[in-house]
Amino acid sequence: MTLHKNAAISECVRNGFIFYSYFCRDKTICMKRIILITGGQRSGKSRYAEKTALSLSENPVYLATARVWDEEFHTRILRHQASRGPQWSNIEEEKELSRYDLSGRVIVVDCITLWCTNFFFDLAADTEQSLHAVKSEFDRFTAQNAIFLFVTNEIGWCGVSENELQRKFTDLQGWINQYIASKADEVILMISGIPVKIK
């Protein structure tokens, strides 16, 4: 890991959460950082990502990848945005994350599963095309000098589905998780609200 000469990097633990600082003394980001936060449903992934982001920045970015299917879902999104508070910059983007110049920011991307879903269905459930498209967009997006916190799910832990479409998507999700983990500086596995550092 190469650090800027003016970097002031530290690690501390508060309330069971591991926090890091990757900023220069002038408060700018000295190096890119990719953190993957994974786990099962309701394991505390988003909560951990948000707490970590707020420990690193007074005004982090929340980049939501959910597709807005109807007015009820749109209302739910607005409610979630309001609950996060005014310190967050909220962006809704289904696929093209790299459209946004977020250099120097701390970004929570929530979540990889919904992001992959959008590619998967737009590409007629073609796993290979989807895999290539998601990897390429991930690489474009993370070329920026920023701190990225990606939230994902371990949907393969639920067993093998009888539905072919679900099996294909589970494969896609697993391969993307592996790809992002290979690129990540840190990987955190959430178990019952407890963060376990595995990389």
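Helices H4 and H5 are roughly parallel to each other, because angles under 35 degrees are counted that way, over 145 as roughly antiparallel, 65 to 115 as roughly perpendicular and the rest as oblique. The model before you is predicted, so to speak of local features a pLDDT of at least 70 is needed, side-chain atom pairs count only at pLDDT 80 or more, and totals for chains, interfaces and linings use all residues. Residues are numbered from 1 along each chain as its sequence is written, and side-chain values use heavy atoms, with hydrogens and water left out.

To return to the pair, the axes of H4, residues 127-141, and H5 come within 10 Å and cross at roughly 25 degrees. Axes here are lines fitted to C-alpha atoms, for helices over the stretch in contact, with angles from 0 to 180 degrees between N-to-C directions. Helices (H or I, at least four residues) and strands (E, at least two) are DSSP runs, numbered from the N terminus. The crossing of H4 past H5 is right-handed, meaning that the near helix is turned clockwise from the far one by less than a right angle; anticlockwise would be left-handed.

On the H4 side, the residues that meet H5 include Leu-131, Val-134 and Phe-138, and their counterparts in H5 include Leu-172, Trp-175 and Ile-176. Contact means heavy atoms within 4.5 Å. By class, 8 residues of this contact are nonpolar, 2 polar and 4 charged. Ala, Val, Leu, Ile, Met, Phe, Trp, Tyr, Cys and Pro are the nonpolar class, Asp, Glu, Lys and Arg the charged one, and the others, Gly among them, are polar.

I turn next to H3. The axes of H3, residues 112-122, and H4 come within 9 Å and cross at roughly 130 degrees; the two helices are therefore oblique to each other. This crossing, too, is right-handed. H3 contributes Trp-115, Cys-116, Phe-119 and Phe-120 to the contact, while the H4 residues include Ala-133, Val-134 and Phe-138. The contact of H3 with H4 holds 7 nonpolar, 2 polar and 1 charged residues.

How many residues of H3 are buried? The count is 8 of the 11, so H3 is largely enclosed by the rest of the structure. Buried means under 20% relative accessible area, exposed over 50%, and partly exposed in between, with a 1.4 Å probe and protein chains only. The buried residues of H3 pack against H4, S7 and H5.

The loops on either side of H3 deserve a word. Cys-111 lies between strand S6 (106-110) and H3, and the peptide bond leading to Cys-111 from Asp-110 is cis, with omega near 5 degrees. Just after H3, Ala-124 has a positive phi of about 55 degrees. Ala-125, in the loop between H3 and H4, also has a positive phi, near 60 degrees, and is buried at 10% relative accessible area.

Beyond H4, Thr-142 occupies the loop between H4 and S7. Thr-142 is buried, at 4% relative accessibility, and its side chain reaches the backbone oxygen of Phe-138 at 2.8 Å. Thr-142 is also in contact with residues outside its four nearest places in sequence, among them Lys-32 and Phe-148.

Finally, Ile-155 sits in the loop between S7 (147-151) and H5 (164-183). Ile-155 is partly exposed, at 23% relative accessibility, and its C-alpha atom is 7.0 Å from that of Gly-40, 115 residues away along the chain.

Key:
A polar contact is a pair of N or O atoms within 3.5 Å; within protein, one must be able to donate a hydrogen and the other to accept it, and residues adjacent in sequence count only if both atoms are side-chain atoms. Lists of a residue's contacts leave out its neighbours within four places in sequence.
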